Amino acid sequence: MRALLALCAFASTLLAAEPDWKQIDEETLKHYRALVQIDTSGAPNFEAPAVDYLKKVLEADGIPVQIFAKDPKRPNLVARIKGNGTKRPVLIMAHTDVVGVQPEKWSHPPFSAAVDGDFVYGRGTVDDKDNVTAGLMTMLLIKRLNLPLDRDVIFLAEAGEEGTPSIGTQFMAEEHWDAIDAEYCIAEGGSGYNKGGKISRMLVGTTEKLPYTIRMVAHGTSGHGSRPLPDNAIARLSNALSRIAVWEPPMKLNDTTRAYFERLATISTPAEAARYNGILDPGKAPAIQKYFREKEPMHWSMLRTSISPTMLKAGFRVNVIPSEAEATLDVRVAPGEDIPAFVAAMKQVANEPGVEFVLPERSHRILAPPSSITSEMFKTLEAAQKKIYPGAVTIPTMATGASDKVFLQAKGVNSYGIGPLVDEEDAQLGFAAHSDQERLREKELYRFTQFNWEVIRSIAGKH
Ligand SMILES: [Zn+2]
């Protein structure tokens, strides 16, 4: 009897800490729609009105807020709920800015947050007001349920992720590190995929490539177009470019990309699995690389530092041979790459006289070590995905694009990218992040919020 009573008491404390999800869903949708309706794509208002909104909501529940702004129109918000200090803090990071829109491409006005059928439509619905909302709701729930914490939980709503981190996370990392210093961070940069209505995989972003712009400038003698010259700058540039464009830089794997291909193989067709498992097999690798290059360009890029020529500039009159021709290369550096050695190899491949490589003076991103895939946080994310997304396989991944997590990773914070479950088909239909349109399935907003709560409760709740 006593045991039964104790059991009941135990069960009731557990129940007390379980949010009333039905009620929470309603509130989640209200905040999400309000945040999407605030146009944070740029001038004149930038992120300030979204930060005002978050501040009001957090303070109404008694959660103190701090504002840090390098540019007054572009503030960053930090909220902290204190734990007992047994462990170092955990940080929930999300960005309040969104990319711009071409309104005529939208079936629902881009800042309407229209709910139509199963979906909520609007710029920011999957990048990144989903993470802002889930983080906000987790903070509110911790406070309301009075969740005992072994570590502080910090919420950072950052500005300027879409291209100006110098006023956002970079600024916070460089000038207000004390406010966000943490052992672990969760942020954007992961996602779950539904294929044909079934969960196929949950990607957790643990590392990313460094964008590194190189200009190639070819020099030659200028002259009259009627008298061809052997050192024509345009010809030199195109010779060098065509060699670089077909070059296959050597593979550069890390723990994340190795685990990515291994785990992806377990949920793939036999033909796909043979490719993912055969990357390191010298006999099979050339055919696999060729296949990736043609059919799975993301996988080809994940295996190495990659180069895409993206811009050309040369000549101004049909009868004038220009003395200079210039190409811009979008280089994406893999973690662990030796950049000077890579550039030297690239010059050798170009093998063209009179061509100069102009390196960036200062990249606005940095190359940071990948986050651990054996940490307590990675295991927590995996367990939470199993619970909230039954049947899902968690796969660590490296983004070929860039995010603000690197500024934290460079300071030793193990940072992980997460995201809600979306239909794999949605990207082709033009509804992904940065696409012509953006949308999220309403029920997946709720599930993502539950997931966020589950992760933070597990990693920060008192044990
Ligand atoms: Zn984003």
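**View A. Val246 sits in helix 7.** Helix 7 covers residues 233-246; helices here are DSSP runs of H or I with at least four residues, strands are runs of E with at least two, and both are numbered from the N terminus. This is a predicted model, so local features need pLDDT of at least 70 and side-chain atom pairs count only at pLDDT 80 or more, while totals for chains, interfaces and linings use all residues. Residues are numbered from 1 along each chain as its sequence is written, and side-chain values use heavy atoms, with hydrogens and water left out. Val246 is exposed because its relative accessible area is 62% (buried means under 20%, exposed over 50%, and partly exposed in between, with a 1.4 Å probe and protein chains only). Pick Val422 as a partner and you find its C-alpha atom 34 Å from that of Val246, with the two positions 176 residues apart along the chain.

**View B. The zinc ion and its donors.** His95 coordinates through NE2, Asp127 through an OD atom, and Glu188 supplies two OE donors, all at 1.9 to 2.8 Å. To count as a donor, an N, O or S atom has to lie within 2.8 Å of the metal (3.2 Å for Na, K and Ca), and since water is not among the atoms, sites may look incomplete. Along the chain the donors read H-x31-D-x60-E. His95 and Glu188 link distant parts of the chain, 93 residues apart: His95 belongs to strand 3 (residues 90-95), and Glu188 to the loop between strand 7 (184-187) and strand 8 (191-195). His95 counts as buried because its relative accessibility is 0%, and Glu188, at 14%, is buried too.

**View C. The geometry around the zinc ion.** The angles subtended by the four donor atoms run from 51 to 148 degrees, so the arrangement is irregular. Here is the rulebook: four donors are tetrahedral if all angles lie between 85 and 135 degrees; four are square planar, and six octahedral, if opposite donors are over 155 degrees apart and all others between 65 and 115; anything else is irregular. For reference, ideal angles are 109.5 degrees for four tetrahedral donors and 90 or 180 degrees for six octahedral ones.

**View D. Backbone oddities, with two cis peptide bonds up front.** Ala43 and Pro44 are joined by a cis bond with omega at about 0 degrees, and Pro44 lies in the loop between helix 2 (21-37) and helix 3 (48-60). The loop between helix 2 and helix 3 also holds Phe46, a non-glycine residue with a positive phi near 50 degrees. From Asp127 to Asp128 the peptide bond is cis as well, with omega near 15 degrees; Asp128 is in the loop between strand 5 (119-121) and helix 4 (129-144). Asn146 is not a glycine either, yet its phi is positive at about 55 degrees. Find Asn146 in the loop between helix 4 and strand 6 (153-158); it is exposed because its relative accessibility is 64%.

**View E. Helix 9 packs on helix 8.** Helix 8 (residues 255-266) and helix 9 have their axes 8 Å apart, at an angle of about 160 degrees. Axes are lines fitted to C-alpha atoms, for helices over the stretch in contact, and angles run from 0 to 180 degrees between N-to-C directions. The two helices are therefore roughly antiparallel (over 145 degrees; under 35 is roughly parallel, 65 to 115 roughly perpendicular, and the rest oblique). The crossing is left-handed, that is, the near helix is turned anticlockwise from the far one by less than a right angle; clockwise would be right-handed. In contact (heavy atoms within 4.5 Å) are Phe261, Glu262, Leu264 and Ala265 of helix 8 with Ala273, Tyr276 and Asn277 of helix 9.

**View F. Helix 9 crosses helix 10.** The axes of helix 9 (residues 270-277) and helix 10 (residues 285-295) come within 9 Å and cross at roughly 115 degrees, which means that helix 9 is roughly perpendicular to helix 10. This crossing is left-handed. Ala274, Arg275 and Tyr276 from helix 9 meet Ile288, Tyr291 and Phe292 from helix 10.

**View G. His299 in helix 11.** Helix 11 takes in residues 297-302. His299 is buried because its relative accessible area is 7%. Leaving aside residues up to four places away in sequence, His299 touches Tyr260, Phe261, Leu264, Tyr276 and Phe292.
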